[in-house]
Amino acid sequence: MAVLFISEDKLKRSTTINGNVDVELLRPYMKVAQDLHIWTKLGSKLYEKIQDEIKADTLTDPYLKLVNDYIQDALVHWTLYEAIPFLGYKIMNKDIVRQTSETSQTAPLDEINFLRNTVMNTAEWYTERLIDYLCENNHLFPEFNTNTGADLRPSRNNYNNGMNLNRVDYQGTKITLRDFLDGSI
């Protein structure tokens, strides 16, 4: 069984996930979010150290502070981000079905995408805060910089959105960023 860095209670208290959502529907996304968005920031050595301490119920400061004040804040939002596309669906023996209710209305795709992007922005902010804390306090976490070989090394980059370098239609003229920077427009 996977060692998770957040509880169901923490997840539901910290996000818009309704209290009656079954934790069994959320647990896979808790694990995915932890692996994709937290493990890659901590690196294998620090990640495994925290897992071992949680499993043994021996987590103390400074690791306890790292988990409670930084990792969990990012992880709850990454979990929500990963879960949003799937919470309204169930995979059955013969089909994938959309759950509906008599008193609710399904959200259109553009609203779901807007919500997901908003959650991602929040998750990225908390992840950046986590990275900053680790970099500022790496002397407290010797495992943070000791990954070797095939170990997953910690990433100090969080935001993935780059500049759009596609052609832009400016007053009927197709230009690129390079055209603009070179002053050829």
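Where is the place of glutamate 53? In this predicted model, glutamate 53 belongs to helix 3. Its relative accessible area is 17%, and since buried means under 20%, glutamate 53 counts as buried. Leaving aside residues up to four places away in sequence, glutamate 53 touches Thr58 and Leu59.

Let me turn to the packing of helix 3. Helix 3 spans residues 44–56 and helix 4 spans residues 63–83; their axes come within 11 Å and cross at roughly 100 degrees. The two helices are therefore roughly perpendicular to each other. Which residues meet here? From helix 3 there are Leu46, Lys49 and Ile50, and from helix 4 there are Tyr63, Leu66, Val67 and Ile71. Sorted by class, this contact comprises six nonpolar residues, one charged residue and no polar ones.

Two of these residues deserve a further remark. The charged end of lysine 49 sits over the ring of tyrosine 63, at 4.9 Å from the ring centre. A second arrangement of this kind involves arginine 116, whose charged end sits over the ring of tyrosine 81, 3.8 Å from its centre.

I come now to the aromatic residues. How many aromatic pairs does a search of the whole structure find? The search finds seven, and I shall present two of them. A pair of aromatic rings is described by the distance of the centres and the angle of the planes.

One pair consists of tyrosine 63 and phenylalanine 141, with 5.3 Å from centre to centre and 75 degrees between the planes, an edge-to-face arrangement. This pair links distant parts of the chain, 78 residues apart: tyrosine 63 lies in helix 4, while phenylalanine 141 lies in the loop between helix 5 (109–136) and strand 3 (168–170). Tyrosine 63 is buried, with a relative accessible area of 10%, and phenylalanine 141 is buried at 0% relative accessibility.

The other pair is formed by tyrosine 70 and tyrosine 133. Their ring centres are 4.0 Å apart and their planes stand at 15 degrees, so this pair is stacked. Here too distant parts of the chain are linked, with tyrosine 70 in helix 4 and tyrosine 133 in helix 5, 63 residues apart. Tyrosine 70 counts as buried at 13% relative accessibility, and tyrosine 133 counts as buried at 11%.

How do these residues come together? Ring pairs link Tyr63, Tyr70, Tyr133 and Phe141 into a cluster. To close, tyrosine 63 thus appears in several settings: tyrosine 63 meets helix 3, has the charged end of lysine 49 over its ring, and pairs with phenylalanine 141.

How values were computed:
Residues are numbered from 1 along each chain as its sequence is written. This is a predicted model: local features need pLDDT of at least 70, side-chain atom pairs count only at pLDDT 80 or more; totals for chains, interfaces and linings use all residues. Side-chain values use heavy atoms; hydrogens and water are left out. Axes are lines fitted to C-alpha atoms, for helices over the stretch in contact, and angles run from 0 to 180 degrees between N-to-C directions. Helices (H or I, at least four residues) and strands (E, at least two) are DSSP runs, numbered from the N terminus. Angles under 35 degrees count as roughly parallel, over 145 as roughly antiparallel, 65 to 115 as roughly perpendicular and the rest as oblique. Contact means heavy atoms within 4.5 Å. Ala, Val, Leu, Ile, Met, Phe, Trp, Tyr, Cys and Pro count as nonpolar, Asp, Glu, Lys and Arg as charged, and the others, Gly among them, as polar. Buried means under 20% relative accessible area, exposed over 50%, partly exposed in between (1.4 Å probe, protein chains only). Rings of Phe, Tyr and Trp (its six-membered ring) pair if their centres lie within 6.5 Å; planes under 30 degrees apart count as stacked, over 60 as edge-to-face and the rest as tilted. A charge sits over a ring if NZ of Lys or CZ of Arg is within 6 Å of the ring centre and within 35 degrees of the ring normal.
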